[in-house]
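Reader: I should like to go through this structure and ask on what grounds each description rests. Please set each value against its definition.

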Amino acid sequence: MNGFTLPDGRLAVGGVDLPLLAARVGSTPFFAYDRAQVTGRVAAVRAVLPSSVHLSYAVKANPMPALVQHLGGLVDGFDVASAAEMRHALDTPMPADRISFAGPGKATAELTQAVAAGVTVELESAAEVRRAQEVSSALGIAARVAVRVNPDFAVRGSGMRLGGGPRQFGIDSEQVPSVLAQLGDLDFQGFHVFAGSQNLDAQSLCEAQRQTVELVLELADSAPSPVRYVNLGGGFGIPYAARDKPLDLAPIADNLAALADVLGPRLPRARVVVELGRYLVGEAGVYVTRVVDRKVSRGKTFLVVDGGMHHQLAASGNLGQVIRRNYPIAVAGPVGRPVEKVTVVGCLCTPLDLLGDDVELPAADVGDLVVVFQAGAYGLTASPTGFLSHPAPVEVLVG
Ligand SMILES: *Cc1c(COP(=O)(O)O)cnc(C)c1O
């Protein structure tokens, strides 16, 4: 079912049996990320990417410093979305010129730190172009910049659309030529198009990549200098609900190889990048929490755990899902216990704090560990940790 289930049915992270890991961590709840699974996932992506295409990690998926360090030795670049993420990225051996800083509303202080460090600033608006110029003049350093383009197409099948139509992300493609004409002394690198996230449909991802390359080639005619960077985005999804099918990488690999052959001769100096977040880390992490109460209310059995949506908001269904579906969930402990239908809730005073609704789990009681899978991306840092003022959970990178 996943990389955490041993052949005998027990659960382990990095080869460490879960109850033992919980004892070593010393407290629940906690997040555990499996180093070997991350390594394996990057290797699997590399195996199908054309060798000329670079792989970048979107740090916001999981900015845990130890994990970012580990990934620093595996990928070709980082994409960051805040000054703090940029510091984590710069703390690794990754060269600054392989780090890009995207996102709307960058503060002047963030722009200043990025320009000073030599990080590539992804320009998201005409006003940001002017602010990058002001920062450059103040520092006496020509900012390395790329234009984040809001494409004129949307991607079918994306769980979250970030391009096409009116968007707060990027500069509308039809406005890009005039913005390129105003870059002045900025050190233009290239283009970044990121159209959508959490896509499990290989064909629609391929179509988005084809349209992206077409758009970039068109915009390149207006570039003030040779294009040295083309970020095709990513959007590779992972299965969360039982009905989700894992993404088939094979057609994407063929498509990227064909596109790299098109881009190579037309933009010979361009470093072509695919940028992934959840696909690299999402399945490599678990959220582990302990049952503190078990109660039956009018025929429905509840397991109340010591964690909840304040740590793992996405599993509760409150991070952008339209229809709530259970994340895969399990109980750690002796194999072979009878299965029962239970509802797993967190310890917050809100009915929104739901981790598993009417799920079939081995009979569990107070003290048992409940494990929520697919917790390696958009977990802790995408959750309202301050809500109800419970202590922050520990995060460990295992293996
Ligand atoms: C968030 C983000 C990503 C990562 O998205 P995933 O769905 O985690 O792969 C990539 N690029 C940009 C610009 C982003 O904002």
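Author: The model is a predicted one. Of the 399 residues in the protein chain, 55% are buried.

Reader: What makes a residue of this chain "buried"?

Author: The term applies to a residue with under 20% relative accessible area, and 55% of the 399 residues in the protein chain are classed in this way. As for the surface that remains accessible, the protein chain has about 16,200 Å², and carbon and sulfur atoms account for 54% of that area.

Reader: Why is the protein chain called as compact as a globular protein of its length?

Author: The chain contains 11 helices and 21 strands. Its radius of gyration is 22 Å, and the globule rule gives 21 Å for 399 residues; the two values are close, so the chain is as compact as a globular protein of that length. Along the principal axes, the C-alpha atoms fill a box of roughly 65 × 45 × 35 Å.

Reader: What share of the contacts joins residues at least 24 apart in sequence?

Author: The share is 71%, taken among contacts between residues at least 6 apart in sequence. R271, in strand β14 (residues 271-276), may serve as an illustration.

Reader: What does R271 touch, and on what basis is that called contact?

Author: Contact requires heavy atoms within 4.5 Å. Leaving aside residues up to four places away in sequence, R271 touches H54, D76, D97, R98, R228, Y229 and V230. In addition, the C-alpha atoms of R271 and N231 are separated by 8.1 Å, although these residues are 40 apart along the chain.

Reader: How is the protein chain divided into domains?

Author: Domain 1 consists of residues 2-32 and 282-398, and domain 2 of residues 63-276. Their centres, taken over C-alpha atoms, are 34 Å apart. To the contact, domain 1 contributes 11 residues and domain 2 contributes 10 residues.

Reader: Why is R243 called exposed?

Author: The class begins over 50% relative accessible area. R243 has 58% relative accessibility and therefore counts as exposed. R243 belongs to the loop between β13 (229-234) and α9 (249-266). From C-alpha to C-alpha, R243 and A102 are 32 Å apart in space, with their positions 141 residues apart in sequence.

Reader: Why are D358 and L388 called partly exposed?

Author: Partly exposed residues fall between the limits of under 20% for buried and over 50% for exposed. D358 has a relative accessible area of 39% and is therefore partly exposed. L388, at 31% relative accessibility, therefore also counts as partly exposed.

Reader: What is noted about the phi angles of D358 and L388?

Author: D358 has phi near 55°, which is a positive value in a residue other than glycine. L388 likewise is not a glycine, and its phi is positive at about 75°. As to location, D358 is in strand β19 (residues 354-362), whereas L388 is in the loop between β20 (369-372) and β21 (394-398).

Reader: Is the peptide bond from T28 to P29 cis or trans, and where does P29 lie?

Author: That bond is cis, with omega near -5°. P29 is in the loop between α1 (18-25) and β3 (30-34).

Reader: How many positive and negative side chains are there, and how far apart do the centres of the two sets lie?

Author: There are 33 positive and 39 negative side chains in the protein chain, and the centres of these sets are 3 Å apart.

Technical notes:
Residues are numbered from 1 along each chain as its sequence is written. This is a predicted model: local features need pLDDT of at least 70, side-chain atom pairs count only at pLDDT 80 or more; totals for chains, interfaces and linings use all residues. Side-chain values use heavy atoms; hydrogens and water are left out. Helices (H or I, at least four residues) and strands (E, at least two) are DSSP runs, numbered from the N terminus. The radius of gyration is taken over C-alpha atoms; the globule rule is 2.2 Å times the number of residues to the power 0.38. Buried means under 20% relative accessible area, exposed over 50%, partly exposed in between (1.4 Å probe, protein chains only). Accessible areas come from the Shrake-Rupley method with a 1.4 Å probe; for residues, only the protein chains shown count as cover. Lys and Arg count as positive and Asp and Glu as negative; His and the chain ends are not counted. The place of a charge is taken as NZ of Lys, CZ of Arg, CG of Asp or CD of Glu. Domain bounds come from an automatic or database domain assignment.
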